[in-house]
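Work through the exercises below with the coordinates open. Try each task before reading its solution.

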Amino acid sequence: MAGTPALEVKSFPDVFQYISVICRTDGSGNVANNQILHYCEQETVVDAAFIRMAVGDDDATFTLEKCTDGTATASGTDMSAALTHATSLNNKKSTFALIATENIVPADSAITLKVTGTSTATTVMVTLRIRTRVA
C-alpha cells in the first residue's frame, strides 16, 4: 500500500526461509568466480546449503564465505569446506559441509561463493536455508 512506512529491523519478525540463487556466468558461459549470493541485514544463521549444476566441474572447488561490510569477495571467512561438484554429479544436488563455528553471519555482511580454479561449470544454483533467530 502506498504511503505505508517500512518496518525497522528491530520490529521485523524472525526470518526462516530458503534462498535460491542462479549464479552469474563469465563471458564463456561458465560460472563466474567469486560472487555475492545474499546480503544479511540482520545477524543470520546458515543452517544448510546446497549446490546443483547442469554441468559440473572436476577441477574447481566451491566454498561458501561470509564477508563483512568492506571485505572483498573471496577474502572473507570460509563458512563451508571446499566442495568439488564433479561432472558425474550433473543435474544432482551436492550439500555443502558447513563449519559449525562459522555459520553465523554478522549483520551487514554478505554470503559469497568462492570459486577456486577456473571453473567450466554451467547453470549453477546455490540454495541456502537461513534464519535470523540465533538459538
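The model is predicted, and five exercises on it follow.

**Exercise 1. Strand S4**

Task: Decide whether S4 is enclosed or open, and find which strands it pairs with.

Solution:
- Start with burial. Seven of the seven residues of S4 are buried, so the strand is largely enclosed by the rest of the structure.
- Split the strand by face. One side carries Thr-61, Thr-63, Glu-65 and Cys-67, and the other carries Phe-62, Leu-64 and Lys-66. Both faces are covered.
- Now look for partners. S4 runs antiparallel to S8, with seven bridges between them. S4 also runs antiparallel to S5, here with two bridges.
- Check one residue against both partners. Glu-65 has Thr-112 as its bridge partner in S8. In S5, Glu-65 stands opposite Asp-78.

**Exercise 2. The largest nonpolar core**

Task: Find which residues of the largest nonpolar core touch the most other members, and which elements contribute two or more residues.

Solution:
- Take the core as a whole. It holds 25 residues.
- Rank by contacts within the core. Leu-37, Ile-51, Phe-62, Leu-64, Phe-96, Leu-113 and Val-126 touch the most other members.
- Assign elements. S1, S2, strand S3 (44–55), S4, strand S8 (109–116) and strand S9 (122–131) each give two or more residues.
- Zoom in on Phe-96. Leaving aside neighbours within four places in sequence, Phe-96 is in contact with Ile-51, Phe-62, Leu-64, Leu-113 and Val-126, among others. Its contacts also include Thr-63 and Ser-80.

**Exercise 3. Ser-94**

Task: Describe the surroundings of Ser-94 and find what its side chain makes a polar contact with.

Solution:
- Locate the residue. Ser-94 sits in strand S6 (residues 93–95).
- Test burial. The relative accessibility is 9%, under the 20% cut-off, so Ser-94 counts as buried.
- Search for polar partners. The side chain of Ser-94 makes a polar contact with the side chain of His-85, at 2.7 Å.
- List the rest. Not counting residues up to four places away in sequence, Ser-94 touches Ala-49, Phe-50, Ile-51, Leu-83, His-85 and Leu-89.

**Exercise 4. Cysteines**

Task: Explain why Cys-67 forms no bond with the cysteine whose sulfur is closest.

Solution:
- Scan the whole structure. The search finds zero disulfides. Cys-40 is in none, and the nearest cysteine sulfur to it is that of Cys-67.
- Apply the distance test. The sulfur of Cys-67 is 11 Å from that of Cys-40; a disulfide needs the pair within 2.5 Å, so this is too far for a bond.
- Add burial. Cys-40 is buried, with a relative accessible area of 1%. Cys-67 counts as buried too, at 3% relative accessibility.

**Exercise 5. Positive phi**

Task: Place Asn-34 and Ala-74 in the fold: which loops hold them?

Solution:
- Recall the background. Most residues other than glycine have a negative phi.
- Read the angles. Phi of Asn-34 is near 55°. Ala-74 has a positive phi of about 75°, although it is not a glycine.
- Place Asn-34. It lies in the loop between strand S1 (16–22) and strand S2 (35–40).
- Place Ala-74. It lies in the loop between strand S4 (61–67) and strand S5 (77–78).
- Finish with accessibility. Asn-34 is partly exposed, with a relative accessible area of 26%. Ala-74 counts as partly exposed at 29% relative accessibility.

How values were computed
Residues numbered from 1 in each chain as written. Predicted model: local features only at pLDDT ≥ 70, side-chain atom pairs only at ≥ 80, totals over all residues. Heavy atoms only, no water. Helix = DSSP H or I, 4+ residues; strand = E, 2+ residues; numbered from the N terminus. Buried < 20%, exposed > 50% of the residue type's maximum accessible area, 1.4 Å probe, protein only. Polar contact = N/O pair within 3.5 Å; in protein donor to acceptor, adjacent residues only side chain to side chain. Contact = heavy atoms within 4.5 Å. Core = buried A, V, L, I, M, F, W, Y, C linked by side-chain atoms within 4.5 Å. Pairing = 2+ DSSP bridges.
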